[in-house]
Amino acid sequence: MIKVSKENEGYFAHYSLLNDGDSVHSLGPNSESDIKQQLYSLGFAQRDIEEAFTRSDKTYFGVGKC
């Protein structure tokens with residue numbers, strides 16, 4: 001699951017990983033490109049990341065590989 005939000009300080013991403021139970025982790029504040037790169041390095045697919053940023057509710061239930 002990826003949830004993206006934009007605040008005055010920049011973008012934030014909250015995510016959970018498949019093998020991590022119900023834990024939610026956070027990234028940010030940072031630029032859109034930096035958040036996308038960090039999510040990609042965690043194993044999320046590029047299309048899932050793009051979907052999270054383009055959806056109106058900014059939530060996408062993709063699954064990270066980690």
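Buried here means under 20% relative accessible area, so Y15, at 8% relative accessibility, falls in the buried class. That cut-off is worth keeping in mind for what follows, as is the fact that the model is predicted.

A good place to start is the largest nonpolar core, which has 14 residues. I2, Y15, L27, I35, L39, F44 and F53 are the members that touch the most other members. As for where the core comes from, two or more residues each are supplied by strand 1 (2–7), strand 2 (10–15), helix 1 (32–41) and helix 2 (46–54). L27 gives a feel for how these pieces meet. Setting aside its neighbours within four places in sequence, L27 is in contact with Y11, F12, A13 and Y15, and also with I35, Q38, L39 and L42.

Next come the aromatic rings, where a search of the whole structure turns up two pairs. One of them is Y11 with F53, a tilted arrangement with 5.5 Å centre to centre and 50° between the planes. This pair ties together distant parts of the chain, since Y11 belongs to strand 2 and F53 to helix 2, with their positions 42 residues apart. Y11 and F53 are both buried. Y15 and F44 make an edge-to-face pair, with ring centres 6.0 Å apart and planes at 80°. Here too the link spans distant parts of the chain: Y15 is in strand 2, while F44 sits in the loop between helix 1 and helix 2, 29 residues apart. F44 has a relative accessible area of 1%, so F44 counts as buried, just as Y15 does at 8%.

The rings of the tilted pair also have lysines over them. K6 lies over the face of Y11, at 5.4 Å from the ring centre. For F53, the residue over the face is K36, at 5.0 Å from the ring centre.

K36 turns up again among the salt bridges, of which the whole structure has three. Its bridge with E32 brings the closest N and O atoms to 2.8 Å. Both K36 and E32 are in helix 1, four residues apart, or about one turn of the helix. K36 has a relative accessible area of 16%, so this lysine is classed as buried, whereas E32, at 31%, is partly exposed. K36 also meets E50 in a salt bridge, with an N to O distance of 3.2 Å. That contact reaches between distant parts of the chain, from E50 in helix 2 to K36 in helix 1, 14 residues apart. E50 comes out as partly exposed, at 30% relative accessibility.

The side chains of R47 and D48 form a salt bridge as well, at 4.0 Å from N to O. Its two partners fall into opposite classes: R47 is exposed, with a relative accessible area of 62%, and D48 is buried at 7%. As for connections between bridges, shared partners join E32, K36 and E50 into one network.

Put together, K36 is a handy residue to look at in the structure. It bridges to E32, bridges to E50 and lies over the face of F53. F53, in turn, pairs with Y11 and is among the core residues that touch the most other members.

Methods:
Residues are numbered from 1 along each chain as its sequence is written. This is a predicted model: local features need pLDDT of at least 70, side-chain atom pairs count only at pLDDT 80 or more; totals for chains, interfaces and linings use all residues. Side-chain values use heavy atoms; hydrogens and water are left out. A nonpolar core is a set of buried Ala, Val, Leu, Ile, Met, Phe, Trp, Tyr and Cys residues joined through side-chain atoms within 4.5 Å. Buried means under 20% relative accessible area, exposed over 50%, partly exposed in between (1.4 Å probe, protein chains only). Contact means heavy atoms within 4.5 Å. Rings of Phe, Tyr and Trp (its six-membered ring) pair if their centres lie within 6.5 Å; planes under 30 degrees apart count as stacked, over 60 as edge-to-face and the rest as tilted. A charge sits over a ring if NZ of Lys or CZ of Arg is within 6 Å of the ring centre and within 35 degrees of the ring normal.
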